[in-house]
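I opened the notebook to log what I looked up, one topic at a time. The entries follow in the order I took them.

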Amino acid sequence: MTPDTRLPRDAQSILELAARSMFDLFANASEGMLLVDRKGRVVWINDQYRRFLPALGYEREEDFVGHPVSNVVQNTQMHQVLETGKPILIDLLTNKAGTFVVSRIPLRDETGEVIGVLGIVLFDHPETTLQPFIAKFARLEQDLNDARRELASQRRAKYTFASFVGSSAAAQEVKRQARRAAQSASPVLLLGETGTGKELLAHAIHAASPRAGRSFVGVNMAAVPESLMEAEFFGVAPGAYTGADKKGRDGKFKLADGGTLFLDELGDMPMAVQVKLLRALQDGEIEPLGSNKLIRCDVRVVAATSRDLAQLVREGKFREDLFYRLNVLPIRVPPLRERQGDIPLLVETLCEDIAARGANVHLELLPPALDLLAAQPWRGNTRELRNVLEQLALRSDSPQIGAEQVEQVLRDSGLDRIEPALSRPAAPVPAMAADDDLRPLPVQIAELEQRAIAAALARTGGNRVAAAKLLGISRASLYDRLAVSENQAGV
């Protein structure tokens, strides 16, 4: 067989022939073609493409050709091909004219510079011509949207100030300070024993702040290995080390950008991370692991610790400059033993939550049982109280709980048991005069204070320190009021 002498034998001629043949194929078989120049302006469309102009909103060709493609074609990606020089061989494009399968090919001159992009409409009405492909794409897109919504919901504040249960003076003061802190952009430092509700308050501060619509991201220092903490905070650049994700990974600072970053158990943060955290707080910039690029981050920090940070500073275990940077709005969260008056309401709230989470019954604690719970020191605070209530829910065959059942659980758990103060005889409270409303207000207030102090001393069996905590005042204030009372009585 004699070879066809019309076929070229050199690579360049073959490429030119193939390009001409492919262009003719696309021009005849496609649903339309358009060309943009290096500035992104439409410079040419073929006859097939002209039929889309009315649907795109253009009656005349001159209203379309000569204009930036991003202005005349909605959702186009032609500018992306111009910027990167990389083709987009298969894509879905949806605009006023419908949904299309398109291809975008960069055009280069002799030097290799991109001088334009050829856009090709391969198919229109892909819902019929490419139904399996479209269906799979739609499912993947739906799954992605569902995952994004789920992730967004997990990064929203879970609690508000209403979730911090308590009407005692100590609880009200904490909420007052936290509400005030929510309106500031300064760092907040929550101090208190474990189980007092510091994380709950951090959520509430975010929910009441101007950043409430953005992410709330928390990280527990004690739960992250020291070797991974820097990557956890600041992220990892693509291919930063062997085994690292080729796409890189965002850290907590980046995830919390525009929102709130909650640093729990701050006292457990390693020194090496403290240095980078201080820089991030001062400059508003982070540097991912393995990267030389600084990334701007707008993050409001709320930190919490059950440790004495000032003592850690003195011991050289916590940076003094970072301590001052975070200790701008310190809020002390009182332990449960300082707000014993809130225990009945806390018990009711916790019992409702325990029942909602699958307990067999909604517990109803009888007054002696409540008195016994209120008298305990609760070193584990609300967590310890919840544990006792959960044990009661699992052990009890009846929704009504008496003091004997509470005492048994306390004994089995190895917890301290204190006799409820209300079982002791209460001191007589003086009756108010019939013309009480006619006497000066300061006199009435003083008498009300004395009655409250007498009731507190009766409840605590004369223990002045416990009485002061019960009243939500300092021990010195209680002694001052008692001294005034004794002087007025002529003692």
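**Entry: arginine 60 and its partner**

I began with arginine 60 and asked how exposed it is. Its relative accessible area is 45%, so arginine 60 counts as partly exposed. Aspartate 63 has a relative accessible area of 26%, so it is partly exposed too. The side chains of arginine 60 and aspartate 63 meet in a salt bridge, with 2.9 Å from N to O. I note here that this is a predicted model.

**Entry: aspartate 91 and arginine 104**

Next I looked up a salt bridge between two strands. Aspartate 91 pairs with arginine 104, and their closest N and O atoms are 3.0 Å apart. Aspartate 91 lies in strand S3 (residues 88-95) and arginine 104 in strand S4 (residues 98-108), so the bridge ties together parts that are 13 residues apart in sequence. Is each partner buried or exposed? Aspartate 91 comes out at 25% relative accessibility, so I logged it as partly exposed. Arginine 104 comes out at 3%, which means it is buried, because the limit is under 20%.

**Entry: aspartate 321 and arginine 319**

I then checked aspartate 321 and arginine 319. Their side chains form a salt bridge, at 2.7 Å from N to O. Aspartate 321 has 32% relative accessibility and counts as partly exposed. Arginine 319, at 27%, also counts as partly exposed.

**Entry: salt bridges overall**

How many salt bridges did the count give? It came to 25. I also found a network of salt bridges that links Asp353, Arg357, Arg386 and Glu390. As background, side chains of opposite charge can pair when their charged atoms come close.

**Entry: charges over rings**

I turned to positive side chains and aromatic rings. The charged end of arginine 179 sits over the ring of phenylalanine 161, 5.0 Å from the ring centre. Lysine 276 lies over the face of phenylalanine 234, at 4.8 Å from the ring centre.

**Entry: helix H10**

Phenylalanine 234 took me to helix H10 (residues 226-234), where it is one of the buried residues. The others listed as buried there are Met229, Ala231, Glu232 and Phe233. What do these buried residues pack against? I logged three strands by name: S7 (216-220), S8 (260-264) and S9 (285-286). Helix H11 (252-255) and helix H12 (271-283) are on the list as well. Just after H10, glycine 235 takes a positive phi of about 85 degrees.

**Entry: lysine 252**

I followed helix H11 to lysine 252, which lies in it. Is this lysine buried or exposed? At 18% relative accessibility, lysine 252 counts as buried, because the limit is under 20%. I set aside its neighbours within four places in sequence and listed its contacts. Lysine 252 is in contact with Glu232 and Phe233, both of them buried residues of H10. Val217, Gly218, Val219 and Leu261 are also in contact with lysine 252.

**Entry: aromatic pairs**

How many aromatic pairs does a search of the whole structure find? It finds nine. I picked out tyrosine 49 and phenylalanine 64, a tilted pair with 5.8 Å centre to centre and 40 degrees between the planes. Tyrosine 49 is in helix H2 (residues 47-50). Phenylalanine 64 is in the loop between helix H3 (53-56) and helix H4 (69-72). The pair links distant parts of the chain, 15 residues apart. Both residues are buried. Ring pairs also join Tyr49 and Phe64 with Phe52, Tyr58 and Phe100 into a cluster.

**Entry: cysteines**

I searched the whole structure for disulfides and found zero. I then looked up two cysteines. Cysteine 297 has 11% relative accessibility, so it counts as buried. Cysteine 351 has 3% and counts as buried as well.

**Entry: the protein as a whole**

I closed with the totals. The protein has 21 helices and 14 strands. Of its 491 residues, 38% are buried. The protein exposes about 27,700 Å², and carbon and sulfur atoms supply 53% of that area. I also looked up contacts with a separation of 6 or more. Residues 24 or more positions apart account for 61% of them.

Definitions and conventions. Residues are numbered from 1 along each chain as its sequence is written. This is a predicted model: local features need pLDDT of at least 70, side-chain atom pairs count only at pLDDT 80 or more; totals for chains, interfaces and linings use all residues. Side-chain values use heavy atoms; hydrogens and water are left out. A disulfide is a pair of cysteine sulfur atoms within 2.5 Å. Buried means under 20% relative accessible area, exposed over 50%, partly exposed in between (1.4 Å probe, protein chains only). Helices (H or I, at least four residues) and strands (E, at least two) are DSSP runs, numbered from the N terminus. Contact means heavy atoms within 4.5 Å. Accessible areas come from the Shrake-Rupley method with a 1.4 Å probe; for residues, only the protein chains shown count as cover. Rings of Phe, Tyr and Trp (its six-membered ring) pair if their centres lie within 6.5 Å; planes under 30 degrees apart count as stacked, over 60 as edge-to-face and the rest as tilted. A charge sits over a ring if NZ of Lys or CZ of Arg is within 6 Å of the ring centre and within 35 degrees of the ring normal. A salt bridge is a side-chain nitrogen of Lys or Arg within 4 Å of a carboxyl oxygen of Asp or Glu.
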